Amino acid sequence: MPTIEPTTGPGLGHDSLRKAAPAPRLPRPDRFRLPRGLRAETGAATAEYAVATMAAVGFAGLLIVILRGDEVRGILTDLVRNALSVG
C-alpha cells in the first residue's frame, strides 16, 4: 500500500485557507423590490391588525357596559341558578 506524504505549497495544507477565492457576491436587496402596484400596500397587514384590535377593544367595552346593568346581572344570575339546580 503506498504511503501518502504531506505536501505543502500554494493551495495545499493550511495555507489554502488564507488564499481562498473571494466570497461570491450576493444579490443586492434592491433587486427584490416589489412591483410598483404592490409597494403601496407595505404595512397593510399591520394596519389591519390595528383595526381589528381596536374593534375588539370597543366590543369588549360595550360588553362591560351592558353586563354591569342590574337587569342583565339578574338575568345571568337566574340563568346560572337554573343551570346548577337539580330537578
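**View 1. The whole chain and its exposure.** Of the 87 residues that make up the protein chain in this predicted model, 0% count as buried. The accessible surface of the protein chain comes to about 8700 Å², and 65% of that surface belongs to carbon and sulfur atoms. The chain holds 4 helices and 0 strands, so that a reader who follows the sequence meets the pattern α-α-α-α.

**View 2. Confidence along the chain.** The protein chain averages a pLDDT of 76, and 55% of the residues score at least 70. Confidence is lowest in helix α1 (residues 15–18), where the mean is 54, and it is highest in α3, where the mean is 91. Where pLDDT is low, the predicted coordinates should not be read in detail.

**View 3. Helix α4, from end to end.** Helix α4 covers residues 70–84, and at 1.5 Å a residue its 15 residues should span 21 Å, which agrees with the 21 Å that separate its end C-alpha atoms. Of these 15 residues, the number buried is 0, so helix α4 lies largely in the open.

**View 4. The nonpolar surface patch.** Phe59, Leu62, Leu63, Ile66, Leu67, Leu76 and Leu79 together make a nonpolar surface patch of about 650 Å². The elements that give two or more residues to this nonpolar patch are α3 (44–67) and α4, and the largest share, 5 residues, comes from α3. As background to such a view, an α-helix has 3.6 residues a turn, so residues three or four places apart point the same way.

**View 5. Leu76 within the patch.** Leu76, one of the residues that make the nonpolar patch, is found in helix α4. Its relative accessibility is 39%, and because partly exposed residues lie between the limits of 20% and 50%, Leu76 counts as partly exposed. The setting of Leu76 is a helix that lies largely in the open, as the number of buried residues in α4 is 0.

Terms used: Residues numbered from 1 in each chain as written. Predicted model: local features only at pLDDT ≥ 70, side-chain atom pairs only at ≥ 80, totals over all residues. Heavy atoms only, no water. Buried < 20%, exposed > 50% of the residue type's maximum accessible area, 1.4 Å probe, protein only. Areas by Shrake-Rupley, 256 points an atom, 1.4 Å probe, with all protein chains shown as cover. Expected span 1.5 Å × (residues − 1). Patch = residues over 30% accessible without salt bridge, like charges linked within 9 Å, V, L, I, M, F, W, Y side chains within 5 Å. Salt bridge = Lys/Arg side-chain N within 4 Å of Asp/Glu carboxyl O. pLDDT = per-residue confidence, 0-100.
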